[in-house]
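Please open the structure in a viewer and keep the selection tool at hand. The tour proceeds from the whole chain to individual contacts.

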Amino acid sequence: MQPLVELRGIARRYGGVRALDGIDLDLRAGEIHALVGENGCGKSTLIKILTGAERPEAGGAVTIDGQDVTAAGPAERRRLGIQVIYQDLSLFPNLSVAENIAIGRHLGRIHRVDRRAMRQAAAAARDRLGIALDLDRDVGALAIAERQLVAICRALAEEARLVVMDEPTASLTRTEVDALLARMRELAVRGIAVLFVSHRLDEVLEVADRITVLRDGRRVATLPPDGLTEAELTRLMTGQAFRYDPPSAPAVEGPVVLEVEGLSRTGQYRDVSFRLHAGEVLGLTGLLGAGRTELALSLFGMNRPDAGTIRVCGHPFAPSDCRAAIAAGIAYVPEDRLSRGLALEQPVADNLLATILPRLAGRLGLVPPARRAAAARDGIERLSIKVARPEQAARTLSGGNQQRVVLAKWMATRPRVLILDSPTVGVDIGARDGIYAVVRDLARAGVAILMISDEIEEVRNHAARVLVMRAGRLAGEFASARSSVAEIRAAVDG
Ligand SMILES: Nc1ncnc2c1ncn2[C@@H]1O[C@H](COP(=O)(O)OP(=O)(O)OP(=O)(O)O)[C@@H](O)[C@H]1O
Ligand SMILES: [Mg+2]
């Protein structure tokens, strides 16, 4: 049978960097195809070439139904049924669900929008996907997982034959991931091809019909998941046998650095109390919407609590903004790093050093070039950031490498308290270890670390104590060494 889409001899270079080097790939109607590989191996670049956002070098070809479309731009390829769901989802928050779903088909006639036809088209797409979705709500009021469904419905309304998703599950909780995987299967049953990128190998093995592994811009293998293990897949991705045994988290008990007492904010979290010691890694887990991020933002001066107290090293602390929090020695690495953490047009080196420039500066306030270069090199090495030159714009790094830059930047501030919100989302399995090692080093040096994560295994393996938040309240505290993942999960789910 002729594949729906064929990529032949796809190569792409950016300056001196070979992002893709002669890739062949075909996608079949009705299959779920996963694309995996380490950060920077070329997954997003390949997707851009598939959708027409980027051009391959001479010799590369893209065909749909056997027709050469290499020269066709994104609009033409969309018309031929290639629909991408970008990570930002490209939705209009101030429009309704129905309008968002149907807008593509009606965009040409926006002056005379036929509301009834739009609603019908939206309802049809929703029903094809078999989900409950209120068509009249504003998209701005929906959770990420629901917005994703809107984006998938929109792709259906535009008669998608291939739906492409770049890391669609990165910011979803386990339950939401399961729901999304079920929707992918729904699409496949209807004969639509799905291509998706993920660093979560368990879900890849669970849902994919075929898996393509990239390494350094080359295709290493395309294979079915049958009999394949995560370890084997990781070996294909990295070229090395990869053994992972989680180190036991150090249970250092230094003095109390952060003390939170009865902290509340209406509608977000209620009566939260805990203590964080110097040198301790404290885990905080819970479902999306449990109030973890809101609590973290309050500690960082960006979300004023209504009641309760915070103390830092024994002193009352009521930060009016993040500057006050930084001055008190608190650093916060947000979950949504790509939109908050980086100056995308600036060099990687400047991004890395933004938080520590005053410390590097000499007497006249100037940073000696040698010192600047050495500090940048240190950050790049410690988190193994894949970068051609430190002067490269941050925008040109792969997603996972951009995340590492943000992490490195805040870790370099040597804060008293470091709050990490989902530090390894979107980071490949090999690089996760580097992040955990830096966390351990910082703790050993006396930094108090609050590690927020959806992944119960992650907090249990890397924090000595784990707090569970549910519906805005602390719903349990566990000593990692004496608690199983199942026990903690029971508290998370309630
Ligand atoms: N506009 C650009 N300019 C320079 N280099 C680029 C550009 N876009 C991508 N690259 C480089 O191409 C390589 C592949 O990047 P790509 O974004 O495709 O990786 P990826 O597999 O999606 O990684 P991740 O899992 O981290 O998202 C990287 O080395 C990246 O720095
Ligand atoms: Mg990417």
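The stops below describe a predicted model.

**The whole chain**

Begin by selecting the entire protein chain, in which 18 helices and 20 strands are assigned. Viewed along the principal axes, its C-alpha atoms fill a box of roughly 70 × 50 × 50 Å. The radius of gyration is 24 Å, which agrees with the value near 23 Å that a compact globule of 494 residues would have.

**The two domains**

Next, colour residues 5–238 as domain 1 and residues 256–493 as domain 2, the two domains into which the protein chain is divided. Their centres, taken over C-alpha atoms, are separated by 31 Å. The contact between them draws 17 residues from domain 1 and 18 residues from domain 2. On the side of domain 1 that touches domain 2, four residues are nonpolar, ten are polar and three are charged.

**Ligand 1**

Now select ligand 1 together with the residues around it. Where does ligand 1 lie with respect to domain 1 and domain 2? Both domains give residues to the shell, so ligand 1 lies between them. There are 19 residues around the ligand, and those that come nearest are Tyr-14, Asn-39, Ser-44, Ser-398 and Gly-400. To see which elements contribute, highlight β2 (17–27), α1 (43–51) and α15 (399–411); each supplies at least two residues of the shell. By class, the shell consists of five nonpolar, twelve polar and two charged residues.

**From the ligand to α15 and α16**

Keep α15 selected and add helix α16 (residues 429–444). The two helices pack at an angle of about 5°, and their axes are 12 Å apart. This angle makes α15 roughly parallel to α16, since angles under 35 degrees count as such. On the α15 side, the contact is made by Gly-400, Arg-404, Leu-407 and Met-411; on the α16 side, by Ala-431, Ile-435, Val-438 and Leu-442. Six of these contact residues are nonpolar, one is polar and one is charged. Gly-400 therefore appears at two stops: among the residues nearest ligand 1 and in the contact of α15 with α16.

**A second helix pair: α5 and α6**

Finally, select helix α5 (residues 144–157) and helix α6 (residues 174–189). Here the packing angle is about 10° and the axes are 11 Å apart. The helices α5 and α6 are therefore roughly parallel to each other. Show the side chains of Ala-145, Gln-148, Leu-149 and Ile-152 in α5, which meet Glu-176, Ala-179, Leu-180 and Arg-183 in α6. This contact has five nonpolar, one polar and two charged residues.

How values were computed:
Residues numbered from 1 in each chain as written. Chains lettered and ligands numbered in written order. Predicted model: local features only at pLDDT ≥ 70, side-chain atom pairs only at ≥ 80, totals over all residues. Axes fitted to C-alpha atoms, helices over the stretch in contact; angles between N-to-C directions. Helix = DSSP H or I, 4+ residues; strand = E, 2+ residues; numbered from the N terminus. Parallel < 35°, antiparallel > 145°, perpendicular 65-115°, else oblique. Contact = placed C-beta atoms within 7 Å. Nonpolar A, V, L, I, M, F, W, Y, C, P; charged D, E, K, R; others polar. Near = placed C-beta within 6 Å. Domains from an automatic or database assignment. Rg over C-alpha atoms; globule rule 2.2 N^0.38 Å.
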